[in-house]
Amino acid sequence: MVHEKTTRVRWFLVFWLFVLSAVSYLDRVNISIAGGAIAEAYQLTDVQLGKVFSAMLVGYALFQTVGGRLADRFGPRRVLTAGVIWWGIFTALTALVPARISGALILFMAVRFLLGAGEAVIYPSANQFVARWIPTRERGRANGWIFAGVGAGAGLTPLLITHIMLQYGWRASFCVCAIVGFLAGGIWFLAARDTPAVHPRISATEIAFIESDLTSGGESASSGQQTRRPVSWTRVLQSKEVWALTISYFCYGYVAWIFFSWFYRYLAKVRGLDLKASAFYSMLPFLAMLVCCLIGGTVSDRLTRWRGPRLGRCGVAAFATFLAGVFIAFGSQVHSARVASLVLAGGAGALYLSQSSFWSVTADIAGASAGSVSGFMNMGNQVGAAITASLTPWIAMRLGWTASFLAAAILCLLGAATWLIVDPTKTLRLHHLPEETEAVKLS
């Protein structure tokens, strides 16, 4: 008797989501590395540059729920491919803003806003993929890999962009980022499918394994059809779990984007490091994010299997976010630029220990509506990110950079506290609302 070989297609696709995640952050963070050259070329102040950073994040935040809804309706394969093409185009257009043009600030803000709108699909689409393809017991590790791409993309960006800038100028760096995105998106479209059942290379044993541990609100791997109607928006907005996750992710986004938007400039301008030293030390938080994402996802899955999701998802996230606040508060007080870089990198890494918990919990509680619900949650993250991109230099200008980091540390404490009220076993379908409330649907 010949036994069919068990495939691991889901893990190749998770790896490619890691690649797309890295590319998305390459296209976001590149402007913070090139920011000094852009500010000089267009006579922009740090506050004006902050508005350019915020414009991308506002577009990203506003289209999170739309991106999630599209992923729920049309599937992660097509939606994510279209998103990669969209944001690749606007990454290239960033480099085409003419020099010495009046209104350059407005043009930069418009292009970055539209880039953010395209990037909004990536993580809701990835979470819809997780809900359809990844058994519950593996979701922490899968999300750990997906969001490790954040650290990989943001960590490689300083060296890559600095090298291209020194050789060919800042405009060339944006064109290179766009080309990388187009290639990665094309491979995703060829390799991915929306459900396991329609993938030509998956084995029946892998499909059976996936189906054995999907949440009840998810998709049937064998049928490829939604087994239940989407959850109503009324139910979503009445969930304390959704609001607690969204508030905590707001705090998370505020803290994380200090590193994405301002850490490179902070090391160069405030701590006095030269261009190459700034590029090297600004990599450290993102490498810490990469490593801690993988560790956090694995630890979360193991603790969930051992003691349940309240400890494995919520406990890990609350502790990690609190620890991030401690690191950031201490790092802001250190006098040595290099030691401060290491301590603050520890804060960034601790923060990302909690990353997979947000997305695993939303996939578990939302099932077939994971894209929409995680998109709503991620909107909170990006609102926090947009605020910090503009507020951080404003606080620094008036109260100093130490105050900017202390504000982030305080938000870490709030983000940790909100995890304590999340019940990860309470799905959005646990209690059905009256029939009339089912009129407003997620799709």
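Select Arg77 and Phe189 to begin: in this predicted model, Arg77 lies over the face of Phe189, and the distance from the ring centre is 4.0 Å. A second arrangement of this kind can be brought up by selecting Arg307 together with Trp306, where Arg307 lies over the ring face of Trp306 at 4.5 Å from the ring centre.

**Rings that pair with rings**

From a charge over a ring, turn to rings beside rings, of which a search of the whole structure finds 33 aromatic pairs. One of these to display is Phe147 with Trp359, a tilted pair whose centres are 5.1 Å apart and whose planes make an angle of 35°. Colour helix H8 and helix H16 (residues 355–366) before looking at this contact again, because Phe147 lies in H8 and Trp359 in H16, so that the pair ties together parts that are 212 residues apart in sequence. With a surface switched on, keep in mind that Phe147 and Trp359 are both buried.

Next, widen the selection to Tyr123, Phe147, Tyr249, Tyr252, Tyr352, Phe358, Trp359 and Trp419, which ring pairs link into a cluster.

**Arg10 and its partners**

Leave the aromatic side chains now and look for salt bridges, of which the structure holds six. Select Arg10 and Glu138, whose side chains meet in a salt bridge with a distance of 3.0 Å from N to O. This pair links distant parts of the chain, since Glu138 sits in the loop between helix H7 (122–133) and H8 while Arg10 belongs to helix H1, 128 residues apart. Both of these residues, Glu138 and Arg10, are buried.

Keep Arg10 on screen and add Glu206, which also forms a salt bridge with Arg10, the closest N and O atoms being 3.0 Å apart. Here too distant parts of the chain are linked, with Glu206 in helix H10 (residues 204–211), Arg10 in helix H1, and the two positions 196 residues apart. Glu206 is buried, as is Arg10. Shown together, Arg10, Glu138 and Glu206 are linked in a network of salt bridges.

For another salt bridge, select Glu241 and Lys240, whose closest N and O atoms are 2.6 Å apart. Which of the descriptions, buried or partly exposed, fits each partner? Glu241 counts as buried because its relative accessibility is 2%, whereas Lys240, at 41% relative accessibility, counts as partly exposed.

**The largest pocket**

Now select Phe18, Val19, Ala22, Val23, Leu26, Ala152, Gly153, Leu156, Leu160 and Val180, the residues that line the largest pocket. The volume of this pocket is about 150 Å³. Colouring by helix is helpful here, as helix H1 (9–33) and helix H8 (139–168) each supply at least two residues of the lining, and H1 gives the most, with five residues. If the lining is recoloured by residue class instead, nine nonpolar residues and one polar residue appear, with no charged residues.

**A last stop in helix H13**

Finish by selecting Tyr281, which is found in helix H13 (residues 275–307). With a relative accessibility of 15%, Tyr281 counts as buried. Add Gly155 to the selection and draw a distance between the two C-alpha atoms: Tyr281 and Gly155 are 126 residues apart along the chain, and their C-alpha atoms are separated by 9.8 Å.

Conventions: Residues are numbered from 1 along each chain as its sequence is written. This is a predicted model: local features need pLDDT of at least 70, side-chain atom pairs count only at pLDDT 80 or more; totals for chains, interfaces and linings use all residues. Side-chain values use heavy atoms; hydrogens and water are left out. On a 1 Å grid over the protein atoms alone, a cavity is a set of points where a 1.4 Å probe fits but cannot get out, and a pocket is an open set with protein on both sides within 12 Å along at least five of seven lines; lining residues have an atom within 4 Å of a point. Grid points are joined across faces, edges and corners, and a volume is the space filled by probe spheres set on the points. Helices (H or I, at least four residues) and strands (E, at least two) are DSSP runs, numbered from the N terminus. Ala, Val, Leu, Ile, Met, Phe, Trp, Tyr, Cys and Pro count as nonpolar, Asp, Glu, Lys and Arg as charged, and the others, Gly among them, as polar. A salt bridge is a side-chain nitrogen of Lys or Arg within 4 Å of a carboxyl oxygen of Asp or Glu. Buried means under 20% relative accessible area, exposed over 50%, partly exposed in between (1.4 Å probe, protein chains only). Rings of Phe, Tyr and Trp (its six-membered ring) pair if their centres lie within 6.5 Å; planes under 30 degrees apart count as stacked, over 60 as edge-to-face and the rest as tilted. A charge sits over a ring if NZ of Lys or CZ of Arg is within 6 Å of the ring centre and within 35 degrees of the ring normal.
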